[in-house]
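Welcome! Keep the structure open beside you and try each exercise before you read its solution.

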Amino acid sequence: MNTPDLIILTDADYRRLRRDLKEAGLDLCYMAQSDQPVRLKWSPDLFQRPDFLQHLAQRRPSDSSYRVASVSLLKKATWFQPDQFAVSFHAVGDLHGEDLDKYLAEHNVQSSVETARDMLAARPA
């Protein structure tokens, strides 16, 4: 399962992008959060794993303007359960969709490569 039009970011990278977008006059003001956490064992290549991408595709809103997904670790794995990840999808208002596309292209914003556990840990806003 491939999601070429979706930028998947760790919580840390998402917060950085959101701050940079605000400085550029754009705001990821719309958010759709998945009702159910993604339950998988963490690995450094989490964002490239087909099972993880399948979960994202199932949870993604049908509105294609949700181009950015942020992933944060909700709960570390135990002996009996895998890690649990919260997934949120983000978009700008309808009038700024083209501006967001232009910003993402000009700044070459891509999915996070590094998925270290500390980059997935949600921090207070």
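**Exercise 1. Strand β4 and its partners**

How many bridges join strand β1 to β4, and do the two run parallel or antiparallel?

*Solution.* A word on the basis comes first. This is a predicted model, in which local features need pLDDT of at least 70 and side-chain atom pairs count only at pLDDT 80 or more, while totals for chains, interfaces and linings use all residues. Residues are numbered from 1 along each chain as its sequence is written, and side-chain values use heavy atoms, with hydrogens and water left out.

Step 1: Find the elements. Helices (H or I, at least four residues) and strands (E, at least two) are DSSP runs, numbered from the N terminus. Strand β1 covers residues 7-10, and strand β4 covers residues 68-75.

Step 2: Look at the pairing, where two strands pair if DSSP finds at least two bridges between them. β1 and β4 run parallel and are joined by 4 bridges. In this pairing, L9 stands opposite S70.

Step 3: Turn to strand β5 (residues 83-91), which pairs with β4 in the antiparallel sense over 7 bridges. Here K75 stands opposite Q84.

Step 4: Check the burial of β4. Buried means under 20% relative accessible area, exposed over 50%, and partly exposed in between (1.4 Å probe, protein chains only). Of the 8 residues of β4, 6 are buried, so the strand is largely enclosed by the rest of the structure.

**Exercise 2. From T10 into helix α1**

Is T10 buried or exposed, and which residues does T10 touch?

*Solution.* Step 1: Place the residue. T10 belongs to strand β1.

Step 2: Read its accessibility. T10 counts as buried because its relative accessible area is 0%.

Step 3: List the contacts (heavy atoms within 4.5 Å). Leaving aside residues up to four places away in sequence, T10 touches F47, V71, S112, E114, T115, M119 and L120.

Step 4: Look for a polar contact, a pair of N or O atoms within 3.5 Å; within protein, one must be able to donate a hydrogen and the other to accept it, and residues adjacent in sequence count only if both atoms are side-chain atoms. A polar atom of the T10 side chain lies 3.2 Å from the backbone nitrogen of D13.

Step 5: Follow the chain into helix α1 (residues 11-23). Its 13 residues reach 19 Å from first C-alpha to last, close to the 18 Å expected at 1.5 Å a residue; the expected span is 1.5 Å times one less than the number of residues. The buried residues in α1 include D11, D13 and Y14. A12 is buried too, at 16% relative accessibility. Just after α1, G25 takes a positive phi of about 90°.

**Exercise 3. The two sides of α3**

Which residues of α3 are buried, and which are exposed on the other side?

*Solution.* Step 1: Pick out the buried residues of α3, namely L100, Y103 and L104. They cover an arc of only 95° around the axis, so they are on the same side of α3. That arc is taken from the directions from the helix axis to the C-beta atoms.

Step 2: See what they meet. The buried residues of α3 pack against β1 and α1.

Step 3: Turn to the other side of α3, where E98, K102, A105 and E106 are exposed.

Step 4: Move past the end of the helix. N108 lies in the loop between α3 (97-106) and α4 (117-120). N108 has a positive phi of about 50° although it is not a glycine, and at 54% relative accessibility N108 counts as exposed.

**Exercise 4. Around the start of α2**

Where is R49 placed, and why does R49 count as buried?

*Solution.* Step 1: Locate R49 in the loop between β3 (38-40) and α2.

Step 2: Apply the cut-off. R49 counts as buried because its relative accessibility is 16%.

Step 3: Name its contacts. Not counting residues up to four places away in sequence, R49 touches L40, K41, W42 and S43.

Step 4: Go on to P50, which lies in helix α2 (residues 50-59). P50 counts as exposed because its relative accessibility is 57%.

**Exercise 5. An aromatic pair**

How many aromatic pairs does the structure hold?

*Solution.* Step 1: Apply the rule. Rings of Phe, Tyr and Trp (its six-membered ring) pair if their centres lie within 6.5 Å; planes under 30 degrees apart count as stacked, over 60 as edge-to-face and the rest as tilted.

Step 2: Count. The structure holds 1 aromatic pair. F47 and F52 form this stacked pair, at 5.5 Å centre to centre with 15° between the planes.

Step 3: Check burial. Both F47 and F52 are buried.
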